[in-house]
Amino acid sequence: MNTESPVQAPPAGARSDWTIDQDWPSYSAEEHRVWLTLYQRQTALLPGRACEPYLRGLDALDLHGRGIPDLGALNDRLGGLTGWQVVAVPGLVPDEVFFRHLADRRFPAGRFIRDPGHLDYLEEPDIFHDVFGHVPMLTDPVFADYLQAYGRGGLRAQGLGRLHNLARLYWYTVEFGLLATPEGLRIYGAGIVSSRTESAFALEDPSPNRIGFGLERVMRTPYRIDDFQQVYFVLPSLQRLLDDTLQDFGPVYRRLEGLADIPIEAITPEDRVFNRGTQAHTAGEDLRLTRG
Ligand code: PHE
Ligand code: FE
């Protein structure tokens with residue numbers, strides 16, 4: 001999500017809401033192979049790491065088998081479960097367009113798939129990240145309602161000039177969220193489940209902090225877009241996320257005006273700590289940079 005995009009006209013060939021036809025028959029055999037490679041890699045890693053709602057959703061959507069999913073068939077299943085639909089877009093869309101789709105229970109997914117030579121590198125979300133990463137959670141009724149509410153909240157935050165705070169909530173939940181279960185921590189964030197390296201790092205590496213979710217805590221914490229996260233926030237349940245975000249954010253935003261950001265690697269006395277990270281990953285990276 002780009003928090004600074006001005007209102008733009010859709011690119012040539014796109015509709016006014018930025019959607020395009022998926023045109024499934026025009027994917028090449030090589031593009032389908034990229035999907036299958038990524039799919040097989042991730043599904044080998046995710047049992048015991050991804051949360052149950054995600055794994056159940058992945059199963060219910062039947063995303064395997066024939067390569068890149070046909071969004072028409074996917075939408076028949078998804079629509080029957082929670083009423084959500086996936087729509088194809090050329091790439092990143094302006095915030096306002098993105099929020100409006102979410103508020104109408106439509107999830108915009110990049111139509112393209114990454115290059116076979118760069119399976120782990122993405123400049124923009126592609127169909128694997130968007131569909132494999134995000135759509136299984138949309139089969140969960142609570143998460144489905146949360147993301148729709150987030151869309152409405154995005155339009156409102158934009159009007160109030162608090163999008164930078166709300167974007168952090170998206171980042172640390174929808175993209176990089178963890179869930180506490182009786183069996184241990186599990187992943188529900190799309191940025192993690194769709195990443196080969198981060199799906200292990202987020203749960204098992206000693207480097208990042210893992211701390212209990214708090215709405216204002218998250219909204220005060222910056223994030224990084226260029227590397228693994230330095231902090232992950234852990235929810236006790238998806239219902240808790242929905243309950244916490246159904247409150248009116250007007251007073252929340254007003255409180256945040258008087259509060260400083262919390263440094264990305266900090267642990268505060270109020271935090272419930274699941275893991276006090278060594279931050280070795282980030283330190284090692286600084287070393288590489290200064291030596292470079
Ligand atoms: N309750 C929020 C508001 O009043 C809207 C929202 C819901 C935002 C869910 C994010 C997620 O603005
Ligand atoms: Fe995403």
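Start by selecting ligand 1 together with Thr-245, where a nitrogen atom of the ligand lies 2.6 Å from a polar backbone atom of that residue, a polar contact here being a pair of N or O atoms within 3.5 Å. This is a predicted model, in which local features need pLDDT of at least 70, side-chain atom pairs count only at pLDDT 80 or more, and totals for chains, interfaces and linings use all residues. Residues are numbered from 1 along each chain as its sequence is written, ligands are numbered from 1 in the order in which they are written, and side-chain values use heavy atoms, with hydrogens and water left out.

Add Gln-247 next, since a polar backbone atom of this residue is 2.6 Å from a nitrogen atom of ligand 1, and then Phe-249, whose polar backbone atom is 2.9 Å from an oxygen atom of the ligand. Taken alone, ligand 1 exposes 330 Å², and the protein buries 91% of that (Shrake-Rupley method, 1.4 Å probe).

Now widen the selection to the residues around ligand 1, which include Tyr-146, Arg-156, Leu-169 and Asp-248 (a heavy atom within 4 Å). Helix α6 (141-160) gives the most to this shell, with 5 residues, while α7 and α11 (238-246) each supply at least two (helices are DSSP runs, H or I, of at least four residues).

Finally, select ligand 2, the iron ion, whose protein donors are His-129 (NE2), His-134 (NE2) and Glu-175 (OE), lying 2.0 to 2.1 Å from the ion (N, O and S atoms within 2.8 Å of the metal, or 3.2 Å for Na, K and Ca; water is not among the atoms, so sites may look incomplete). His-134 in helix α5 and Glu-175 in helix α7 are 41 residues apart, and both are buried (under 20% relative accessible area, 1.4 Å probe, protein chains only).

How values were computed. Buried means under 20% relative accessible area, exposed over 50%, partly exposed in between (1.4 Å probe, protein chains only). A polar contact is a pair of N or O atoms within 3.5 Å; within protein, one must be able to donate a hydrogen and the other to accept it, and residues adjacent in sequence count only if both atoms are side-chain atoms.
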